[in-house]
Amino acid sequence: MAVYERAWRRYTGELTPIRTRFLVITRYGLGEAFQSRIFTAFYAACFLPSVAGLFLVYLSHNLGLLEQIGLTEELMGGLTMSFFQYLFMWQALPAFFVMVILAPGLVAPDLANNALPLYFSRPINRVDYVLGKMAVLFLLVSPPTWMMGLAIFALQAYEEGGGWGTEHWRIAAAYLVGHLVWILVISLLALAISAWVRFKPAAVGTLFALIFVLSGFAEAFNGITGTPFGDLFHLTRAIASVVLHLFGAPTRSDLPVLANWFTLGSVALISIWLLNRKLRPHEVVR
Amino acid sequence: MSDERIIFRGVSKFYGEVLGVNRVNLEFKPGLTGLVGPNGSGKSTLMHLMTGLLSPTKGEISVLGIPPNRPERLFRAVGYCTQYDSFPAGATGATFLRQTLLLHGMDRGQADARAWEVLEQVGLTDAARRKIAGYSKGMRQRIKLAQALCHRPSVMVLDEPLNGLDPMGRAEMIQLFREMADEGRYVIVSSHILHEVDLISDAVVMIHGGTVVAEGGIREVRAEIKSQPIQVLIRCDRPHAVAGRLFDFKHVVDVRILGDGEGLMVRTEDARSFFADLTGVIVESGVAVETVMPADETVHAVYDYLIGQPGGTT
């Protein structure tokens with residue numbers, strides 16, 4: 001046996017913190033997302049409802065401007081809770097499309113091309129991988145949703161003054177919690193589906209189909225049994241009810257809001273389980 | 001003091017009811033180790049177990065004292081070159097390496113500098129800004145090697161790293177492996193190109209049907225195969241004279257005169273006695289000997305004896 005002299009040098013420089021290294025995956029994921037001009041244009045359009053919201057809030061507090069464009073103070077007077085609820089919906093809808101379009105491209109190609117052994121032969125684990133991919137969606141969807149929502153709330157609170165912000169804190173909470181829950185659930189679901197359906201267009205189709213099929217099933221179940229228990233499978237109704245509850249408004253489901261939370265939690269947990277099953281460096285084919 | 005060994009203790013891996021590897025006990029030493037076996041023999045499973053990409057069903061693995069299920073620690077010490085050809089979409093050679101180095105914890109400046117250093121080492125400087133999707137098979141093989149060695153690991157695990165390389169590329173890569181091994185690193189290379197494994201390896205691990213059938217230096221392994229007489233090639237001017245004398249020895253089982261009449265091939269059951277007796281024969285018969293060398297102390301021959309026809313099952 002040869003005797004070797006240890007003649008090479010290991011890297012001895014400072015290392016970045018291990019807990020934030022998943023952001024390298026995020027950084028490259030974001031770069032890839034904006035390579036498509038169509039996506040970039042669509043993403044810019046996602047800000048339109050929020051910009052319109054900001055404009056309306058500003059307009060409602062500038063009587064002179066209202067008169068100039070021929071609107072009465074009564075028409076715009078008192079931005080109601082409904083305004084914020086509609087605005088939430090118009091923020092959440094395009095954000096949903098952003099996630100649905102983008103998520104399959106983040107995971108499906110890695111699985112289809114057997115790239116996971118490559119990823120997992122670096123100092124990251126499966127949790128880092130999922131966090132890195134989810135962070136792409138979170139960073140993209142946050143600005144046009146809860147960030148803009150809070151900005152609109154802050155403008156309204158500033159313009160209105162007199163403790164309006166404190167009095168209507170539920171609006172801010174609804175924007176923050178509602179959007180975050182929506183982003184979390186849809187991101188996990190979209191990533192899980194694209195891990196199983198490895199062809200991007202098929203993954204997008206499956207995600208839409210799943211949401212609509214579940215909604216249809218829920219309605220049919222409610223109709224046949226005459227009970228509201230079908231709502232346990234109704235993902236969009238669950239999120240709508242949770243958000244409305246956060247706003248302090250009546251929900252759309254006859255089930256208690258806790259049941260809607262249960263639906264959302266179950267979808268998230270099932271998605272994590274699916275990701276755990278599929279995101280392995282080596283798939284065992286029996 | 002940290003453990004400086006790579007150890008498998010009673011390691012088995014089953015895929016359901018299908019055997020991956022069975023009761024493997026191994027200790028790798030620094031230097032270049034060739035992992036040899038036919039397709040499906042368990043070479044890749046062994047590598048995946050070593051790199052934590054698979055968990056053992058039974059047994060224990062330690063890589064320099066690190067359990068393979070701790071990727072954040074393991075991959076500071078280990079570089080792995082997978083056999084799969086997969087890269088991030090749209091990545092160039094330079095961006096791919098930079099991303100790898102960032103994941104290894106280097107800052108952007110260091111990652112950039114090191115990426116270019118490694119690209120030069122594997123001969124891809126000119127192609128660094130081109131997309132990997134447009135690389136040839138050999139170039140993709142090189143960039144995979146680059147990502148395995150870029151963070152200066154102590155252990156290199158290379159799964160079929162010479163596949164797809166042209167002869168010049170193979171020679172360059174073998175030289176690179178040799179240099180890394182000579183520096184005292186562990187370089188573990190799986191290959192089914194036996195003559196290359198023979199050329200580069202300090203030791204071999206032969207695996208067949210999920211079981212390790214031999215391990216160690218090729219000469220030691222060959223010496224252990226008692227059922228196969230050792231072949232010795234003798235090139236000399238009067239082979240018939242030598243052949244006649246050799247038959248007097250019990251340990252000589254076969255002597256063949258070479259086709260060109262300029263030497264003979266001897267098979268013996270006891271190499272040590274044979275070489276001792278041969279000296280006397282040469283002196284007494286006064287033949288002019290050009291070469292005496294073992295003819296089957298090669299990976300190829302050992303593989304043939306232990307596993308079967310190389311190429312037949314691979």
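How many residues of chain B are in contact with chain A? In this predicted model, the count is 39 residues of chain B, which meet 35 residues of chain A. On the chain B side of this contact, the elements that give two or more residues are α2 (71-77) and α3 (93-103) of chain B. Sorted by class, that side of chain B holds 14 nonpolar, 16 polar and nine charged residues.

Turning to chain A itself, a reader will find 14 helices and zero strands. Read along the sequence, the pattern of chain A is accordingly one α after another, α-α-α-α-α-α-α-α-α-α-α-α-α-α. The C-alpha trace of chain A spans about 95 × 55 × 35 Å along its principal axes.

A good helix to begin with is α6(A), which covers residues 81-112 and has 32 residues. From its first C-alpha to its last, α6(A) reaches 46 Å, close to the 46 Å expected at 1.5 Å a residue. There is nevertheless a bend of about 25° in α6(A), placed at Leu102(A). A proline, Pro104(A), follows Leu102(A) within four residues. Just after α6(A) comes Asn114(A), where phi is positive, at about 60°.

The next point of interest is how helices of chain A pack against each other. Two packed helices are described by the angle between their axes and the distance between the axes. For α3(A) (residues 48-60) and α9(A) (residues 143-160), the angle is about 5° and the axes lie 10 Å apart. Angles under 35 degrees count as roughly parallel, so α3(A) and α9(A) are roughly parallel to each other. From α3(A), the residues Ser50(A), Gly53(A), Leu54(A), Val57(A) and Tyr58(A) take part in the contact. Their partners in α9(A) are Pro144(A), Met148(A), Ala151(A), Ile152(A), Leu155(A), Gln156(A) and Glu159(A). By class, this contact of α3(A) with α9(A) divides into eight nonpolar residues, three polar and one charged.

Helix α11(A) (residues 169-196) packs with α12(A) (residues 200-225) at an angle of about 130°, and their axes are 9 Å apart. The two helices α11(A) and α12(A) are therefore oblique to each other, and their crossing is right-handed. Here Leu189(A), Ala190(A), Ile193(A) and Ser194(A) of α11(A) meet Ala203(A), Thr206(A), Leu207(A) and Leu210(A) of α12(A). The contact of α11(A) with α12(A) comprises six nonpolar and two polar residues, with no charged ones.

Helix α11(A) also meets α13(A) (residues 235-247), and the axes of this pair come within 8 Å and cross at roughly 160°. That angle makes α11(A) roughly antiparallel to α13(A), since angles over 145 degrees are counted that way. The crossing of α11(A) and α13(A) is right-handed. On the α11(A) side, the contact involves Arg170(A), Ile171(A), Ala173(A), Ala174(A), Val177(A), Gly178(A), Val181(A) and Trp182(A). On the α13(A) side, Ile239(A), Val242(A), Val243(A), Leu246(A) and Phe247(A) meet them. By class, the contact of α11(A) with α13(A) has eleven nonpolar residues, one polar and one charged.

Key: Residues numbered from 1 in each chain as written. Chains lettered and ligands numbered in written order. Predicted model: local features only at pLDDT ≥ 70, side-chain atom pairs only at ≥ 80, totals over all residues. Expected span 1.5 Å × (residues − 1). Bend = angle between axes of the 7 residues up to and from the residue. Axes fitted to C-alpha atoms, helices over the stretch in contact; angles between N-to-C directions. Parallel < 35°, antiparallel > 145°, perpendicular 65-115°, else oblique. Left-handed = near helix turned anticlockwise from the far one by under 90°. Contact = placed C-beta atoms within 7 Å. Nonpolar A, V, L, I, M, F, W, Y, C, P; charged D, E, K, R; others polar.
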